[in-house]
Amino acid sequence: MSEVIANEKIDSEKLKTAQAIISDLQAELKQYINQGSGPFLAAIYNEKGEMVAKTANSVINEKCSNNHAEMNVIKAAEKTLETYDLSPYNLSLYVTSEPCMMCLGAIMWSGIKAVYYGVPSKRVEKITGFDEGFKPDWFAEFKKRGICVYGNICQEQGEKVLADYVNAGNKVYKPER
């Protein structure tokens with residue numbers, strides 16, 4: 001079992017909330033996979049603990065390489081709140097796996113204030129073969145920008161979902177190199 005990591009002193013209340021939400025996302029992800037979604041699910045919550053948006057990865061079923069769960073949920077939150085700037089809302093993103101390079105940019109520019117994730121990129125890559133991208137010291141870069149990050153939450157549960165996805169013969173998209 002991996003230890004939870006963070007770019008701030010770990011707050012037990014934040015961690016407890018994140019564990020409950022990410023565990024629920026991991027459990028719910030199986031339903032999304034059965035409906036044709038990719039093996040990642042993300043949700044955005046406001047500071048009152050109310051869900052603003054939740055979406056899965058839809059790259060394969062919508063034939064768009066940008067449709068990662070994080071990208072989809074940010075778009076959904078912006079639509080719900082009728083804004084391109086989420087920063088006034090003090091929102092937190094919860095995602096079943098560590099955001100890839102593309103999603104990190106979207107998170108940073110969206111105004112999200114906190115990121116909580118499950119399976120770390122190295123494990124996602126090992127299990128699925130998906131290239132997570134080059135992410136130099138992103139924890140520190142997010143901290144500089146006032147974005148809190150906690151990772152490796154419910155990691156084992158998430159790894160099982162990813163392994164089940166791959167073992168069932170589901171497609172993991174990868175551009176040809």
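**Helix α4, the sheet and the core**

Student: What makes residues of helix α4 (residues 101-110) count as buried?

Tutor: In this predicted model, C103, L104, G105, A106, I107 and S110 of α4 are buried. Each is therefore under 20% relative accessible area (exposed is over 50%, partly exposed in between; 1.4 Å probe, protein chains only). α4 itself is a DSSP run (helices: H or I, at least four residues; strands: E, at least two; numbered from the N terminus). Local features need pLDDT of at least 70, side-chain atom pairs need 80 or more, while totals for chains, interfaces and linings use all residues. Residues are numbered from 1 along each chain as its sequence is written, and side-chain values use heavy atoms, without hydrogens or water.

Student: What do the buried residues of α4 pack against?

Tutor: They pack against α3, β4, β5 and α6 (138-144). G111 follows α4, with a positive phi near 100°.

Student: Why are β5 and β6 called paired?

Tutor: Pairing takes at least two DSSP bridges. β5 (residues 114-119) and β6 (residues 148-151) have 3 and run parallel. So they qualify as a pair. A114 stands opposite C148 in β6.

Student: Why are β1 (5-6) and β3 (51-56) edge strands?

Tutor: The open, mixed sheet has the order β1-β6-β5-β4-β2-β3. β1 and β3 each have a single partner strand, so one side of each lacks a neighbour in the sheet.

Student: Which residues touch the most other members of the largest nonpolar core?

Tutor: I44 and Y116, among 56 residues. Helix α1 (residues 12-34) gives the largest share, 8 residues. Core members are buried Ala, Val, Leu, Ile, Met, Phe, Trp, Tyr and Cys joined through side-chain atoms within 4.5 Å. Y116 touches, among others, A18, I22, V95 and I153, with contact meaning heavy atoms within 4.5 Å.

How values were computed: Lists of a residue's contacts leave out its neighbours within four places in sequence.
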